[in-house]
Amino acid sequence: MNILGIESSCDETAAAVYTDDGLQSNIIASQAVHEQYGGVVPELASRAHHKTIWRTVQQSLDEAELPLDAIDVVAVTQGPGLMGSLLVGLCFAKGLCLSRNVPLVGVNHMDAHIYANFIDDQPKYPFVSLTVSGGHTQLVHVTGPFQHELLGQTRDDAAGEAFDKIGKILGLPYPAGPVIDERSQHGDPDFHDFPQAMLDNDFEFSFSGLKTSVKYFLEDQSDQEQFLENHLDDVCASVSHAITEVLVKKLRNAIEHTGVKTIALAGGVSANSMLRGKATQLAEETGCELHIPKLAYCTDNAAMIAITGYMMAKRRMFSDMNLKPFANLKALKK
Ligand code: KG4
Ligand code: ZN
């Protein structure tokens, strides 16, 4: 079975081909247009998807050395994401399905982040996934394929959103997560004790207070510019420390609560080196097997859509042509 996966939920236009022999191609066209605005501009994102989607799909077929005729199923992100961006991918996928007479699979983007772990690996069920992206922060108990129990999530900002918003306060470019990660490696994580919120709650998160705390901390400095010149790396490391400590503490709670022997990281923030290090240590301490997707499959990509589509198609979880996009994760719940 040959699957074409299409991802267009935010600011990456991506296409990938997954077959019985595994992943054959994984193409991403990132949208540089947003950099100057310090965040994603939804209208510009939809237009950029529209411009690049066909080229990206063609490239993924070329790299897989398969003609469009060889595609058996088209998998596409249904949500959550930006409505306009989702619509471009969904309409394109439906058009392909109708013209080639092949079935459609609508994929939940957050599920796909989790199943990215299956591209190079075979995590054993049941496992707990810490899914951390720019829009979501969740602990999910995965008891079998597409059998998910949401243990807890963020009450406000997502972990990636916290990195990006704090980066903006620090004058860093968007997306700030990778920049803060890089700078943290040269700084002192104990330089300042930023708050770790909701530690008395088992599985829920809150990151918006951290952003405010960084803002006040900077305002307290007599010469902010000079301070950041001397200590930007230290502030970045302390922020990364606060975020990753909370994430890993809650992951530990989830292991204890569920009794799983396998854990996984998923989503853009799972690219974070401090988080990867702490999760590795947690796995050693708890005797759990840890799975982390390789970097290219952490941030948004279509390989994760293609493999999830493959797993769904094998289970005949097809969608009909009335499939509608959902901006909000809740709307996806049945
Ligand atoms: O999963 P993703 O690509 O998109 C969403 O589904 O939201 O996640 C993007 C988020 C951004 O907030 C970005 O700053 C963050 O992942 N991110 C990182 C790193 N790489 C990406 N955050 C911390 N450290 C990183 N190395
Ligand atoms: Zn994502």
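Two strands count as paired if DSSP finds at least two bridges between them. In this predicted model, that notion applies to an open sheet of five strands, and a pair of packed helices, H6 and H7, can be described beside it.

**The sheet**

- The five strands follow the order S8-S7-S6-S9-S10, and their pairing is mixed.
- Strand S8 (147-153) and strand S10 (289-291) form the edges, since each of them pairs on one side only.
- Direction ignored, neighbouring strands of this sheet are turned against each other by 20 degrees on average.
- Strand S7 (residues 137-144) runs antiparallel to S8 and is joined to S8 by six bridges, and Leu 139 stands opposite Gly 152 in S8.

**A helix across the sheet**

- Helix H8 (residues 273-286) lies across strand S6 (127-132), strand S9 (262-266) and S10, and the helix runs at about 175 degrees to S9.

**The helix pair H6 and H7**

- Helix H6 (residues 208-219) packs with helix H7 (residues 224-258) at an angle of about 155 degrees, while their axes lie 11 Å apart.
- Angles over 145 degrees count as roughly antiparallel, and H6 and H7 are therefore roughly antiparallel to each other.
- The crossing of these two helices, H6 and H7, is right-handed.
- On the H6 side the contact involves Leu 210, Val 214, Phe 217, Leu 218 and Glu 219, which meet residues of H7 that include Phe 227, Leu 228, Val 235 and Ile 243.
- Sorted by character, the residues of the contact of H6 with H7 comprise 10 nonpolar, one polar and one charged.

Terms used
Residues numbered from 1 in each chain as written. Chains lettered and ligands numbered in written order. Predicted model: local features only at pLDDT ≥ 70, side-chain atom pairs only at ≥ 80, totals over all residues. Heavy atoms only, no water. Axes fitted to C-alpha atoms, helices over the stretch in contact; angles between N-to-C directions. Helix = DSSP H or I, 4+ residues; strand = E, 2+ residues; numbered from the N terminus. Parallel < 35°, antiparallel > 145°, perpendicular 65-115°, else oblique. Left-handed = near helix turned anticlockwise from the far one by under 90°. Contact = heavy atoms within 4.5 Å. Nonpolar A, V, L, I, M, F, W, Y, C, P; charged D, E, K, R; others polar.
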